[in-house]
Each structure stands twice: as C-alpha cells, then as structure tokens.
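Dear colleague,

Please find below the structure that I am handing over to you. My findings follow it, arranged by chain.

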Amino acid sequence: MTRQRLLPVLLFAGVIILALIPLGLDPRGYEMRILCITLLFASLGQAWNIVGGLANQISLGHAAYFGIGAYTSTILLKLFSLSPWLGGVIGMILAVAFALLLSLPTARLKGHYYALATLAAGEAIRVIANSWADVTGGPVGISVPYLPDGSLWMMQFSTVLPNYYLFLAALVVICLVFWKIKSGALGYRLRAIKENEQAAEVIGVDTYRSKLIAACVSAAITAFLGTLYAQFQFFFDPDTVFGVATISVKMALIAILGGVGRLSGPLVGAAFIIPMEEMANSYFGSSAAGLSQFAYGAILVLVILLNPHGLTALFAQLRDRFTGKGGSHDRSVA
Amino acid sequence: MTAPLLEVRGVTRRFGGLIAVNDVTFDVHAGEIVGLIGPNGAGKTTLFNLLTGVYPPSSGDIRLEGEASGGLKPHKIARRGMTKTFQNVALFMESSVLDNVVTGGLLNNALPEARDKARQILDRVGLSAIADVRAGDLSFPERARVEVARALCTEPKLLLLDEVMAALTPAEMEEVIDLVRSLRDDGTTFIVVEHHMKAVMKLCERLLVLNFGELIADGTPTEISRNDRVIEAYLGANFAKKQASQPVETA
Amino acid sequence: MQNLLTLLQTTIDGILIGGVYAVISIGLSLVFGVMHIVNFAHAEFLMIGMFIAWFAWNYAGIDPMLGAFIALAVTFVLGMLMQRTMIKPILHAPQVSQIFLTVGLLFALENGALLLFGADYRSVSTGYQTQALTLLSTEAGRLFVPLDKLYAFLMALLSGGALWYFLSRTRWGRAMRATAQDPMAARLMGIDTDKMYMIAFGLGVGTTAFGGAVILPYITASPTVGSQFVVLMFTAVVLGGLGSVAGAVVGGIMVGLIQSFSALFLPIQLMNLTLFVIFILVLAFRPEGLTARRRA
C-alpha cells in the first residue's frame, strides 16, 4: 500500500525535474532536440503499452496511426491553413476509424498472427502514402508550411522550448490515461484477456469490445503524437512516419525494454534508448547508417536472451532487489 | 408449475466426424441442484461449453429463462445469468485471488462495488486469508475454490460447476457441499459435474447421465443407481447382467 | 489474340517467379511447422544467400546457380548455430519474447549487412541473362520464357523436390515430422528433438538462402533486399497454411500469379498492396490456410 502513495509523489517530482531541465540548456540547442524526441518516444511507447502491454496484442503496425496523424494535420494545414490542434483531432478520428476497420479482420487474432497482420496493415498504409503523391507528396516527403509569426494556436514556435513543454504535457496526459485504464475496470478486463481469454469471456468480459476500446485509445493517442512530431520536425516522408523500424518496432522496443505493461516501462525505455541512438547518430553521422538500428536489434536479442520468460521482470527484479521486496505476485500489480 | 430456468432441446455438437454431444434434451428448474454424470469422454464438459457459449451447438435449442441463448457469445450468456467454472482451472494466474474475483464482479458492478462484492464472496467461501496471493501460487484445491468465487461474483442464476471437488479431502468436500446448499438456499441454481459418486449422490436431488454424448437417464439418485443402462455404461454389459439378478445397493 | 498472348505470358511469368517464391517460403513454413515460431528475420537469409552467391561469382567466377549450393551449405551451418544460441532459449517463452527476438534478429542482420557491405546494389552478369526461349511466335507477338527465370525455376524445383524427398523418404525426415507433430512422443521414441530443431532451422534458412542465390541473375542484391520479400513470403506461407511445406509451394505459385496479374492492372507501387490485403484477409478468415483441409 505504501507504493500506492509513493508513486504519485515520485511522478510529480519527476515532472517538476523534467520541467526545470530546459532552464539550464540552450533553447535552440541539440540537447533540447534530444530531450524532445525522448519525451515523444516515451509517449509513443506508453501508447503502444496500452495494447501491447495491457491487452497483450503485440502490434507491429502502430506507425500507421502515427503517420495518419502526421499527414492529416500537415495536409490540412497546407491546404486550408487549419490549426494543427484541429488537424490533430481529425487525425485522431481517422486513426480510430482505421483501428476499427483493422479490428474487423484482426480482433480475433492472437500472438504471432496478430503481429503479422498489423505489420502488413502498417506496410499497406506506407505503400499507399508513397504512391498517393497528389495528396501526400509521395516518396519525396512533405513540409509543414512555415509561418513567420508562430503561435501556440498554429503550434509553431521560434525555439523548441514550447515544443518541449508540449511533449512533456502530452507525456503526463498519456501516462495518466494509461494509469487510469490500468487501474480501472478496463484494466482488469484487459489483464483477464491477457491471462486467459476464454475464461474472461465465460465470466462476462466482452473481450472484443475491451480490446477494441484499448486499440482505439492507443490509435488516437499515437495519431496526435504524429501531429506533434510533424510540427516539431517540419519535414517528413512516408518511410519515416510509417516505418516499421523507425516507428512501429521502436515504440514496442521502448515499452519492452523498460518493462511491458508497466507505467514506468516506456519512460525507462525511452530514457535509455533515444539519447543513445541520437548520440550515436551525431557521433558516427551518415558513415554508419545502419549502426543505431543494428544496435536496436542486438539489444533486443540480448535483452530477450538474458531473460526470455520474463521481459516484465528484468527491471522489476532490479527494483525489487533495490527496495528489498521479493514478492513474486507483485509482478502483475504495477 | 413455473417455466424452467434452463431448457435444452435436441442439442447436438459435432467436431469433424465425431459427435461429442448427441440430441440432448432436459430442463433445469430454479432452485435445483442437478448432477451431470457419466464416464470419461461422455461429453459433460462439452455440454457445459455449449451451454455457456464457448462453442455454438451444431443444432438444437438452448433457452435460458425462456429466451434463446444457444450460439450467443459467452459474455452475453454470462450477462443473462449463466456461467461456469473450468475443469482444468482457468484462473488469471498472474493476478491476485482478489483481482480474479473482482473481474467477475465487474459484470454487474462498477469497480468499487465489485471490490466490495469480491471481498464478501471471499469471506463466504473462506478465502479471505489468501486474498492477496497470486493465483498461480495456489494449490490445486485452492484454485478450484477461487474458480467458484470468481464465477459467483458474476451473480449467476445458474452456475455450472465442473469438477470443483477433484483432489479434495472428505472434510473439504463436506464444506463445498454445505456451501453449494447454502448458495442454493439464497437463490442460485446449480448443475454439477463430479466424479466422486458419494459426493454427487449426497449433494444432488436429480441426476442426468451422459454416455457417448447421449443422455441415457434423468432421475433421482435412487432411480439412477438402479437404472440398467447407467450401470452398463459405467461398469460394462457383463457386470450389468450379473447385477440384474441381485438388488443394487444404493449409495 | 493479343490479349490471349498477354494472358498466357502473364501466367508463365507468374508461375516462374512463383516457383522461386515457393522455395523461399518453404523454409519459413518448415521453421514454423517444426518449432511453432514465426521467424520475422527469415527474409534476411535470402539476402545472405544472395550475398554469398554474389561473392562467389565476383571472386571465384562461380555461376549463381552453383553458388546457390555454397549459400545453402553456409547458411545451413549458420542457421544451426543460431538455433542453438538464440532460438532454443525462447522455444517455450511467451510469444512477445519470440516475436521480438526474431524482429531483433531482423534488424541486426539487415543493418549488420549494411555496415559490412554498404548500401550498394550488386548484380551479376551471366551469358543467359538476356536470352529467352521463344515458345511461340506469331504476327500478333510472341510467347517466351526468359532463361534466367527458367533456370531459377528449375533450381527451385530441384531444391523443393530434394526437401520433399528428405522429409518424406528418409529416416531423419520422418523423425523431423514426428517432432513437429508431437515433440513429447518423439522424445519418448528416442528422437533427439533438440537436434531435429537445429536441423530444421538450418534447413529452413538454407532453403531460403538457396532461393535467394538463384534469383541473383535477375534481382540485384542489397542489404535491404529482404524487406521486399517479407510480405510476399509470409503471404505465400499463410495462403498455403502456416507450417505446411506442401502448402507453401501452392502459396508461392499463387503469390507469383497474383503479382504478375496485378501488374497488368495496377501501377507498380500498388502491386504489393494487393498482397497486403489478401494477406490480412487470409490471416483473419482462414489462418489454417486456403489449401489445408485439417491440420494434423
């Protein structure tokens, strides 16, 4: 029970520290960019964690939602000068629509089959974005129109500092959503589905509906993060925002490294992997294009081989050792 | 006489070429404790799965409180008031005992009420002491009890118990029998699959006998224990012939 | 007449390329059938096979059709080592571990190749690349079989036949099928299932590498070439039924035909879209495969 009280305190302290960090940094500097990307990917990992962690639906196609969000708001901004806030909401709606469409053939799939189907769905959207050049600009990519007098309403700023606080706010909101789901009735239902789907049905859990709700929430969040990303990067192409490696697997990897299904998982995972990747990229530059992704692959393989039966337990074991708590049934609680 | 709680009419289930349940018809009235017995592989668990919607029947009608329920998904049938426990125990193994039971309670309650209800039920079935233990860490008899508690928390009108007394000591069996009786007195109806004949004969007022997927007898325990087809099914044709000359001792 | 010729030519092209898809998919299906693991990294062995054949051609002047045997031998050993060190520990692990181990392997192999060999495209030149066998010549057009595709198809046929012979006629092949069906019973009968798993994985990736090598005359090798084949490989396998080796052959030829026919109607970028959609629908409605009657 002490943990129940300790957790909010820790999180609150964490947010305060994160809010204070930029004060010591150059607001146009490279470090700020790394911090922004880290926060973004922590949020993405948490969004994935809702389906991948709580419902055990291993999605390898979340880039579809991310790209839908990024493209929707950017295209609407280009064509109609629509505020990215509104464009982002429309992107969320489209992403939910796609999640619903995808759920028709995939809701009953499990494990490997679900992973394969979502992988193909994400790739299908990437192919469409690449070939529908009239709207998306095709493989050459798309630029967010530059507005000299930036504003919060148009989500454009002269430094990345406001972006940083937007990313931080998004992360806090998404973590709250995750926690609300996890500790609420839906969390119980998703845990039941994860641990024994048939038994869950028989005692009255509408497994289809529960998974659908989780998928839609996750899709909507991921899409809005796509909009935030577009307004931060100003330029992107289909292979980046719809990429299996750049988005779909990275989201999952971040959640898994930090502890799948845990609130803290994506935070730990992103803090570990994103700065490492960004630094490797800036250090080695284009001379070693595949290095960071090679490292991803190698780290994934190593982490799994170190403890194949309990990805969730890796960081948890360290923590339990640290706090002197040995209980094994604690594993499922947080 | 009131309408039956459960009506089963000509229910059949095929798996490929195998007929697991064949043209089964019976009624269960509110307040009954009905035993469902039969040799291994007779189709008892399959029948439970058909009633609770785990599989749809290949043909036939199932009605719960007069409304067709055959072919509905399990959660819809649970909402109508029928659920079951699993023969091989299908708990949420990583969750605590309390959380397992709470999940059942969410069918008809918001989370805080489901928690209260789950605690009451754990009290009633005598599991309060282990409420916070992970289900995967329990012994088999404990798990079976948690199965019952989780199912009870859905507030069923009709609860199907699939071998919850397996591996219990005689004293523990007595406890379960008392529990089922007191729950019945509070308004729950039961169909019970059990291999332990003495316990079945003691607990149930009426027995259904399945053999090779067919319902071969339906009657009171005394009637059933004298039924030639039942004796033949259990002990083989030769034994039945031998017994025919002698009166059968009732259990 | 013209239409009929186009139709026939499309069918020939589809079957020729489909035969190769069949061979590269057989390996994937074998791995799933025996170990019940979906190997997301499988297409990377096609890339490795292509590179081995390219190096054999470039430095020793060995034709890719022969280099394919070197590719098979090397990846067979590599596959057995990988199975022992990486796949074996996750055979009974949760699916999330199984999925991400092979996904991690995919990234490591693809980008490892990028670091080692650079992003350049590498192709071979052979005498038969530009030649074709004319089957029919009329004033409306001609019907022909490109030699490089024909040779690749024949090699695919050869390796598929050899694998079939191994699985159905040899003692080890039967032991492997017994392991696939019921590892516990196989162990009780004295079959070394661990060894069977190793051989199955080695053979699986080896067959796919072999398929990669024989298509080198008409597809250029690069570290990312595997990603072009992932979806069609998985589509072939699910069309035929995950784990069914014979099904993978049918599935591979179906994918070849779907591809060559959709190229008639759709722009080249959208060609794979048809496959994606078919893939998802088959997974959803017939995960046991279109050709399978009942899984044993």
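**Findings**

In chain A, buried residues make up 50% of the 334 residues. Please note that this is a predicted model, and that the values below are computed from it.

The secondary structure of chain A consists of 15 helices and two strands. Of the contacts in chain A with a separation of 6 or more, 74% are between residues 24 or more positions apart.

One helix of chain A deserves a separate description. Helix α2 of chain A covers residues 30-54, which is 25 residues, and its first and last C-alpha atoms are 35 Å apart, close to the 36 Å expected at 1.5 Å a residue. The helix nevertheless contains a kink of about 40°, and the centre of this kink is Trp48(A). As to its surroundings, α2(A) is mostly covered, with 19 of its 25 residues buried.

What follows α2(A) may also be of interest. Just after this helix, Asn56(A) adopts a positive phi of about 60°, and the residue is not a glycine. Asn56(A) belongs to the loop between α2 and α3 (63-80) of chain A. Is Asn56(A) buried or exposed? It counts as buried, because it has 22 C-beta neighbours inside 10 Å and the threshold for a buried residue is 20 or more.

**The contact between chains A and C**

Chain A contributes 39 residues to its contact with chain C, and chain C contributes 38 residues. On the side of chain A that touches chain C, the elements giving two or more residues are α4 (84-106), α5 (111-131), α12 (244-258) and α14 (291-306) of chain A. The most comes from α5(A), which provides 14 residues. Sorted by class, this side of chain A has 29 nonpolar, nine polar and one charged residues.

**Chain B**

Chain B has 10 helices and 10 strands. Its C-alpha trace spans about 60 × 40 × 40 Å along the principal axes. The radius of gyration of chain B is 18 Å, which agrees with the value near 18 Å for a compact globule of 251 residues. Buried residues account for 44% of the 251 residues of chain B. Where contacts in chain B join residues at least 6 apart in sequence, 64% of them link residues at least 24 apart.

Two domains are assigned in chain B: domain 1 (1-72 + 158-251) and domain 2 (82-155). The C-alpha centres of these two domains of chain B are 24 Å apart. Their contact involves 16 residues from domain 1 of chain B and 13 residues from domain 2 of chain B. On the side of domain 1 that touches domain 2, two or more residues come from each of α1 (44-52), β7 (158-162) and α6 (170-185) of chain B. β7(B) supplies the largest share of that side, five residues. By class, the same side of domain 1 of chain B has 11 nonpolar, two polar and three charged residues.

One residue in the loop between β7 and α6 of chain B is Glu163(B). Glu163(B) has a positive phi of about 55°, although it is not a glycine. Glu163(B) counts as partly exposed because it has 19 C-beta neighbours inside 10 Å, whereas 20 or more are required for a buried residue.

With kind regards

How values were computed: Residues numbered from 1 in each chain as written. Chains lettered and ligands numbered in written order. Predicted model: local features only at pLDDT ≥ 70, side-chain atom pairs only at ≥ 80, totals over all residues. Contact = placed C-beta atoms within 7 Å. Helix = DSSP H or I, 4+ residues; strand = E, 2+ residues; numbered from the N terminus. Nonpolar A, V, L, I, M, F, W, Y, C, P; charged D, E, K, R; others polar. Domains from an automatic or database assignment. Buried ≥ 20, exposed ≤ 12 C-beta atoms within 10 Å, placed from the backbone. Rg over C-alpha atoms; globule rule 2.2 N^0.38 Å. Expected span 1.5 Å × (residues − 1). Bend = angle between axes of the 7 residues up to and from the residue.
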